[in-house]
Amino acid sequence: MVGVHSIEVSSMKYISTRGGVSGLSFSEAVMMGLATDGGLLLPDSIPQVSSQLGDWQGLSYSELAAQVIAPYVDDISKTDLASLISQSYASFDHASVSPLVEVGNVHVLELFHGPTLAFKDIALQLLGNLFGHVLSGTSAKLNILGATSGDTGSAAIAGLRGRPGINTFIMFPDGRTSPVQELQMTTVLDKNVFNIAIDGSFDDCQSLLKTVFNDLQFKSRYNLGAVNSVNWARVLAQIVYYFSAWYQLQRPSEFDVAVPTGNFGNIFAGFIAKQMGLPIRKLILATNSNDILARFFNSGIYQKGSVHFSESPAMDIQIASNFERLLFYHLGQDSQQVGQFMTDFHTTGLARVPGCTGIMEYFDAGSVNDADTLQGIKKCYQDYSYLADPHTAVGICRAEQVLEPGVPMVCLATAHPAKFEAAVHKAMPSIVPRHAALENLHGLETRKFKLPASDDHLRAFIGEHCPDC
Ligand SMILES: *Cc1c(COP(=O)(O)O)cnc(C)c1O
């Protein structure tokens, strides 16, 4: 008994999928974001918790999170970690953080009770606190640079606003996010938040981000940090709610989880939960018409297509940045093969794996088009009085196609319907979904900085707004 509790911190270290980085502490991994060898960071082993699942029954969300996360953290004390976690979820508007709601034959896990009404808050609230903890007591300055098509930007800003030592620069394509998404960012007037409206597309924003991060001299001069979903801490925070769902279901012997997927971050967290010993049977991967992942899981061929604009815009992605993490495990943790696969993909637009066996069989992948998504929203509301946002509806539609009798199905709800009001309204013209947090943004003072899509202008802007860097 004493032995178990006397271990103050774990001995976990972090490695890169490309083999060029190893031995990092947790804090170093969080601060590095993308591995410096171009790969993604992963823990050097996955902790097994099957024998502890019984002990965690009845814990609050934050207490459960502290148990799930602690084995991955080697350089923050358990007491500090528990307090960072409970601060992160104190701002949620539901006591259980991720409540489970019965909707017809499925159970919807609502992940949108944080400050910006999307599931990204669950990870970015914690990431903000982790950055703050690592910087506390130092004179270091951190400059976060991010690009967003909508949800990531506001969630990152909500996690980082007002923090000493951290500036947050978020680029978005001017006029191309939804009006409410723009308001969620530009109504934040804290001195350390810079909303940059780029005269260009989201692709332009992403390529500016890449160019400036690849300027290693600039990156180290300004201590640039990343908040996109390649940061390991984001995946780690998301593992927790898979456990929460299982406890809320009263610990069934197995269950399925349907995940609306874009960058493969959320569903990869589910994969880790399964590897830790949570009895997930299948991970149901649901994409919109941007179906590179659905095609991969059904053929073993990873091939880029062109981006389609859909009713679930947070998943309008052709390259899933977290996919490399799964590939690493599928290829037997062979960094060389991972590197070869990614090189093939980037040079020819196509790469393949030997077979979709082994861990690939944990996934069941399919895509749902816009017409079916809107129909799904309508059906959920008419049959069960439940209003789903279009991303959530993609997951529910796919889940209903693959329901297995006797196996509970959890569908992850990734955004509040009011955040994607136009699509919901299109599905059901009589309904205008609302949420007070969004209504209250109208008429508030806003601030944004307009910049051309030029990396020189971006560098100059960062330099000018971090005079003491
Ligand atoms: C980001 C986002 C997704 C996609 O999540 P991934 O981790 O990229 O798969 C789905 N739905 C909503 C509402 C999002 O904001």
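# A walk around α14, the sheet and a few odd loops

Start just past the end of α14: select G349, the residue that follows this helix, and check its phi, which is positive, near 80 degrees. Keep in mind along the way that this is a predicted model.

**Stop 1: helix α14**

Now select α14 itself, residues 335–348. The helix has 14 residues and reaches 20 Å from its first C-alpha to its last, close to the 20 Å expected at 1.5 Å a residue. Go to its N-terminal end and show D334, which caps the helix: a side-chain oxygen of D334 lies 3.0 Å from the backbone nitrogen of Q336.

Next, colour S335, V338, G339, F341, M342 and F345, which are buried. Where do they sit when you look down the axis of α14? These buried residues fall within an arc of 160 degrees, so they line one face of the helix. The general background is handy here: an α-helix has 3.6 residues a turn, so residues three or four places apart point the same way. Spin the view round to the face turned away from the buried side, and you'll find the exposed residues Q336, T347 and T348.

What covers the buried residues of α14? Switch on β1 (14–16), α12 (292–299), β11 (301–303), α13 and β12 (350–352), which are included in that cover.

**Stop 2: α13 and the loop after it**

From the cover, pick α13 and select E324, which belongs to this helix. Is E324 buried or exposed? E324 counts as buried, at 5% relative accessibility. Setting aside neighbours within four places in sequence, E324 is in contact with T17, R18, G39, L40, V338 and M342. Two names in that list should ring a bell: V338 and M342 are among the buried residues of α14.

Slide along to Q333, in the loop between α13 (323–330) and α14 (335–348). Q333 isn't a glycine, yet its phi is positive, about 60 degrees. Its relative accessible area is 44%, so Q333 counts as partly exposed.

**Stop 3: the other positive phi**

For a companion to Q333, jump to V97, in the loop between α4 (78–90) and β3 (100–103). V97 has a positive phi of about 65 degrees, and again this is not a glycine. Here the relative accessible area is 4%, so V97 is buried.

**Stop 4: the sheet**

Show β8, β5, β6, β7 and β15 as cartoon: these 5 strands form an open sheet in the order β8-β5-β6-β7-β15, with parallel pairing. β8 (224–225) and β15 (449–452) are at the edges with a single partner strand each, so one side of each has no neighbour in the sheet. Zoom in on the β8 edge, where 2 bridges join β8 to β5 (residues 142–147), the two running parallel. To find one of the partners, select N143, whose bridge partner in β8 is L224. Then bring in helix α7 (residues 179–186), which packs on the sheet and touches β6 (166–173) and β7 (193–199). The direction of α7 makes about 160 degrees with that of β6.

**Stop 5: H435**

Select H435, in the loop between α17 (421–427) and α18 (436–439). With a relative accessible area of 18%, H435 is buried. Pick a polar atom of its side chain and you can draw a 3.0 Å distance to the backbone nitrogen of A437. Which residues does H435 touch, not counting those up to four places away in sequence? They are D93, L117, H416 and A418.

**Stop 6: two last selections**

First, S367 in strand β13 (residues 363–367). S367 is partly exposed, at 37% relative accessible area. Leaving out neighbours within four places in sequence, S367 is in contact with T287, N288, D291 and A294. For a distance label, try S367 to S310: they're 57 residues apart along the chain, and their C-alpha atoms are separated by 12 Å.

Finish at V134 in helix α5 (residues 120–135). V134 is partly exposed, with a relative accessible area of 25%, and it touches S27 and M31, not counting residues up to four places away in sequence. Add a label from V134 to H457: 323 residues apart in sequence, and 30 Å apart in space, C-alpha to C-alpha.

Technical notes:
Residues numbered from 1 in each chain as written. Predicted model: local features only at pLDDT ≥ 70, side-chain atom pairs only at ≥ 80, totals over all residues. Heavy atoms only, no water. Pairing = 2+ DSSP bridges. Helix = DSSP H or I, 4+ residues; strand = E, 2+ residues; numbered from the N terminus. Contact = heavy atoms within 4.5 Å. Axes fitted to C-alpha atoms, helices over the stretch in contact; angles between N-to-C directions. Buried < 20%, exposed > 50% of the residue type's maximum accessible area, 1.4 Å probe, protein only. Polar contact = N/O pair within 3.5 Å; in protein donor to acceptor, adjacent residues only side chain to side chain. Expected span 1.5 Å × (residues − 1). Arc of directions from axis to C-beta.
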